[in-house]
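Here's a quick tour of a model, starting with the overall fold and then moving to a ligand site and a helix pair.

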Amino acid sequence: MAAAIDLAEADLVVLNTCTVTASADDDVRLAVRRIHRDRPETKILVTGCYAQRAPEELAALPGVEWVVGNSHKVAIPEIVMGSAEYHGEIHVGEIGREFLAAPVDDALGDRARPNLKVQDGCSNKCSFCIIPSVRGRSRSAEAEQVIAQVGSLAAKYREVVLSGINLGRWGRDLPGRLRLVDLVRRLLDETPVERLRLSSVEPMDFSDALLELMATSPRIAKHVHAPLQSGSDIVLRRMHRKYRPRHYADRILKARALMPECAFGADVMTGFPGETDAEFEDSRSFIESLPFTYLHVFTYSARPGTPAADAPNQVPMHVRRERTQILRALAEAKNRAFRQQFVGRSVSVVSLMSGRTGLSENYLNVTFASPRQANRIENIQIGGLTADGLYESGMLQVLPS
Ligand code: SF4
């Protein structure tokens, strides 16, 4: 994190933190120490989930002037401008129930594909997850506000990514208990956005109506990312996940039937407390049976403050890591087979900021034969595979595959 920061002119550094794993916390502390070591006069403000979870811990680090929880994030400018005395000032309170929108220019992500957060928080209670206690209950941006934001982003960008902590719950807290599909329909009807992409959506929120809309609209990227976590029924129960493997498979196979060339991705965790060899094998074979095109595989690490962290039967770290390697190898093989089917064919690609690469509708990296203007959508003829993506036909120098 700190390596990417150019501190030469910085009077103030704002670190927006994650606390989803213990190693995310380590990264934040390391970044703070590096910044303070390299430029002791720079003031550091730490915000985000780690700040919300453990403000005192962060306030004690050298160089940290302010710790601002998610509860007070929108007040950062006032906090910074209004402070006369510094040193470990803490602004953390209970998370509100309203959705706090960031200005649309702050939408994160690759600048050719802005990421618009339309939902925050989560009302689930997965036993490994700290997010509900640092982000609060699920809450949604008003549809009118999202339509206005997407309309204004669509004037500048071709692709807009809708995101949230639990995006599939969008609208449930709004009058009329709306659904994500209602929002997507309105965005297609009321904005000129050329391509909408949904980030992660919990599997059971991929309703038939949402999948059918995705399949029939050429303006929605054919990309389904549904967190799985485990393919073992028993492990899912221990995780307090709300679906069983058969429910998950039903959604993915339905999506696949409607969108045969769709990208299918999942987050998967290995070595959850108590995961036996047989349970891991259930998970592995379940994953193998489904048409995933990529996986994000995480090695379980205990998150203090969650029920799973106190479970007595923690899996030895070397076993967790071995399982991670097994699933990563499986994911790599599936991804390669998926990419292979596009060689010699044309795919729709949005060009990214460098102008040298783009992202296909179905989430594959594409290297162009010649530089393109950033932020355009075009059909690209595929010549072959790169190490982790595809290259355009006509490339002189073929990257190793
Ligand atoms: S659904 Fe996701 S964010 Fe919510 S508790 Fe479970 S893992 Fe955490």
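The protein chain has 401 residues and a radius of gyration of 22 Å, which agrees with the value near 21 Å for a compact globule of that length. That radius is taken over C-alpha atoms, and the globule rule is 2.2 Å times the number of residues to the power 0.38. This is a predicted model: local features need pLDDT of at least 70, side-chain atom pairs count only at pLDDT 80 or more, and totals for chains, interfaces and linings use all residues. Numbering runs from 1 along each chain as its sequence is written.

Along its principal axes, the C-alpha trace spans about 65 × 50 × 50 Å. The chain holds 12 helices and 16 strands, as DSSP runs numbered from the N terminus (helices: H or I, at least four residues; strands: E, at least two).

Around the ligand sit C122, N124, C126, C129, I131, P132, I165, N166 and E202, each with its C-beta atom, placed from the backbone, within 6 Å of the molecule.

Now for the helix pair. The axes of α8 (residues 208-216) and α10 (residues 245-258) come within 9 Å and cross at roughly 25°; axes are lines fitted to C-alpha atoms over the stretch in contact, with angles from 0 to 180 degrees between N-to-C directions. The two helices are therefore roughly parallel to each other (angles under 35 degrees). L211, E212 and A215 of α8 meet K254, A255 and L258 of α10, with contact meaning C-beta atoms, placed from the backbone, within 7 Å.

Here's how both sets split by class, with Ala, Val, Leu, Ile, Met, Phe, Trp, Tyr, Cys and Pro as nonpolar, Asp, Glu, Lys and Arg as charged, and the others, Gly among them, as polar.

| Set | Residues by class |
|---|---|
| Ligand shell | 6 nonpolar, 2 polar, 1 charged residues |
| α8 with α10 contact | 4 nonpolar, no polar, 2 charged residues |

Conventions:
Parallel < 35°, antiparallel > 145°, perpendicular 65-115°, else oblique. Contact = placed C-beta atoms within 7 Å.
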